Amino acid sequence: MPLKIRLAILASHPVQYYAPLFRELAKKVDLHVFYAHAATPAQQAAAGFGHAFEWDIDLTDGYSFSFLNNVSKRPGADWFGGCDTPEIYKQLKSGGFTIVLTLGWHLKSMIQGVLAAKRLRLPVLVRGDSQLSTPRSSVKKWVKAIAYPILLRAFDAALYVGKNNQAYWLHYGFPEQRLFFSPHCIETKRFAEGATAEARDALRNRLGIAPTSFVVLFAGKLLPFKRPLDIVAALAKLRKAKVDCRMMVAGSGPLEAELTALAAELQVPLDLLGFQNQSQMPAAYAAADILVLPSDGRETWGLVANEALASGKPIIVSDAVGCAPDLAADESCGQVFTMGDHDALAKALSVAMNSKIDLASIARISDKHSMQCAIDGIHAAIIASVK
């Protein structure tokens with residue numbers, strides 16, 4: 001990487017999945033991250049976590065960053081106008097930057113950053129995980145079909161995280177030679193080292209789970225689009241066949257009461273761990289036998305699937321989840337079922353219960369979506385875009 005390269009990254013707010021990538025990328029590239037919003041513990045709760053909290057691993061350590069002055073009347077990363085940072089032009093102009101990377105274009109702040117970069121004649125990269133199966137109105141689809149083939153050309157290169165995201169860019173006519181693979185990734189080593197047999201036994205013993213019980217993990221916010229109740233319905237079918245299985249939930253949210261009531265009604269044992277901070281998650285994966293992510297198309301990737309694989313656990317995801325063709329298509333470590341089909345999910349779980357875990361295949365898929373692969377893609381896009 002030439003020394004003259006200086007990268008500006010435009011991000012909404014500190015996110016647990018991006019911070020490790022920024023830390024590792026900063027070891028190879030002179031970069032500065034501009035955050036448009038600082039989320040409070042209360043705002044984290046309102047975002048669907050159902051619990052006010054601070055992350056227990058520093059999300060701003062190990063790289064250069066600053067918070068922009070957000071002048072929005074209702075600050076937040078949950079709506080377009082919630083991040084309004086007109087000072088980004090001045091910051092890009094005075095910062096000696098040679099290229100800009102924006103993590104999407106769904107916030108006003110990011111649009112401001114792209115326009116500022118264009119005024120300064122700086123190349124702009126974009127990285128996101130949009131997919132075509134995300135539910136959209138007919139009007140929105142029509143508008144995008146007309147506008148996006150033109151507007152998306154504002155980006156000098158696009159970093160796609162997986163096959164569905166790649167298909168999204170190609171659908172809107174973005175030049176294939178300007179697409180670079182930079183997969184969604186996690187701190188693989190931290191999960192692999194934390195998901196130990198000792199951690200499994202400790203959590204299971206605390207919850208009173210028998211060693212032979214098959215534990216299905218749901219990890220994430222308990223929100224309607226993530227469809228956690230589908231897991232209860234599928235497990236109920238297996239329990240009618242006298243299968244020793246149960247559900248574990250690492251997360252909280254508005255569906256918790258409904259989930260608890262359904263589990264009680266269908267007599268499915270349910271272990272609610274509540275919100276689990278970053279350092280607690282490896283133990284949850286260790287205690288489980290499989291991760292299930294039954295979400296609809298609004299789950300544009302599903303990084304909990306990466307975490308499960310890094311922890312040596314197989315996964316089952318719905319066909320609407322963004323990571324399905326990348327992380328779950330290899331039947332030696334994953335399965336895909338039709339979203340909302342409880343019988344299909346129950347069948348997939350039955351197959352998993354009667355299959356030996358293929359750790360080598362799990363590791364192979366996990367390695368294809370490593371931090372290094374993500375960084376390599378960003379590096380390639382920078383080299384191709386800087387003239």
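Visitor: What is the volume of the largest cavity?
Guide: This model is predicted: local features need pLDDT of at least 70, side-chain atom pairs count only at pLDDT 80 or more, and totals for chains, interfaces and linings use all residues. Residues are numbered from 1 along each chain as its sequence is written, and side-chain values use heavy atoms, without hydrogens and water. A cavity is a set of points on a 1 Å grid over the protein atoms alone where a 1.4 Å probe fits but cannot get out, with points joined across faces, edges and corners and the volume being the space filled by probe spheres set on them. For the largest cavity, that volume is about 50 Å³.

Visitor: How many cavities of 30 Å³ or more are there, by this rule?
Guide: Besides the largest cavity, at about 50 Å³, the second largest cavity has a volume of about 40 Å³. Counting cavities of 30 Å³ or more, the rule gives a total of three.

Visitor: Which helices each supply at least two residues of the lining of the largest cavity?
Guide: The lining residues, those with an atom within 4 Å of a point, are Ile186, Thr188, Asn306, Leu309, Leu327, Ile365, Ser366 and His369. Helices (H or I, at least four residues) are DSSP runs numbered from the N terminus, as are strands (E, at least two). Two elements reach that share of the lining, spanning 303-310 and 359-367, and they are α12 and α15.

Visitor: And which residues line the second largest cavity?
Guide: This is the cavity of about 40 Å³. Its lining includes the tyrosines Tyr17 and Tyr18. In full, the list reads Tyr17, Tyr18, Leu21, Arg127, His184, Cys185 and Leu303.

Visitor: Why do the buried residues of α8 line one face of the helix?
Guide: In α8, residues 197-207, the buried ones (under 20% relative accessible area with a 1.4 Å probe, protein chains only) are Ala199, Arg200, Leu203 and Arg204. Viewed down the helix axis, and taking directions from that axis to the C-beta atoms, these buried residues line one face because they fall within an arc of 120 degrees.

Visitor: Against which elements do those buried residues of α8 pack?
Guide: The other side of α8 has Ala197, Glu198, Asn205 and Arg206, which are exposed (over 50%). On the buried side, packing is judged by contact, heavy atoms within 4.5 Å. The partners are two helices and three strands: α7 (188-194), β8 (214-219), β9 (245-250), β10 (270-274) and α11 (281-287).

Visitor: Which residue just after α8 takes a positive phi?
Guide: α8 covers residues 197-207. Just after this helix, a phi of about 75 degrees belongs to Gly208.

Visitor: Is Arg227 buried, partly exposed or exposed?
Guide: Arg227 sits in the loop between β8 and α9 (229-240), and its phi is near 55 degrees, a positive value in a residue other than glycine. Most residues other than glycine have a negative phi. With a relative accessible area of 27%, between the buried and exposed cut-offs, Arg227 is partly exposed.

Visitor: What relative accessible area does Lys242 have?
Guide: Lys242 is another residue other than glycine with a positive phi, near 70 degrees. Its place is the loop between α9 and β9. Lys242 counts as exposed, with a relative accessible area of 77%.

Visitor: How many of the residues of β9 are buried?
Guide: From β9, Cys245, Met247 and Val249 point one way, while Arg246, Met248 and Ala250 point the other way. Both sets are buried. The strand is mostly covered, and the buried count out of its six residues is six.

Visitor: Which residue stands opposite Val249 in β9?
Guide: Strands pair if DSSP finds at least two bridges between them. β8 and β9 pair in the parallel sense over six bridges. Opposite Val249 stands Phe218.

Visitor: What is the bridge partner of Leu291 in β12?
Guide: Leu291 and Leu293 point one way from β11 (residues 290-293), with Ile290 and Val292 pointing the other way, and all are buried. On the β8 side, two bridges join the parallel strands β8 and β11, and Val216 stands opposite Ile290. β11 also runs parallel to β12, joined by three bridges. There, the partner of Leu291 is Ile315.

Methods: On a 1 Å grid over the protein atoms alone, a cavity is a set of points where a 1.4 Å probe fits but cannot get out, and a pocket is an open set with protein on both sides within 12 Å along at least five of seven lines; lining residues have an atom within 4 Å of a point.
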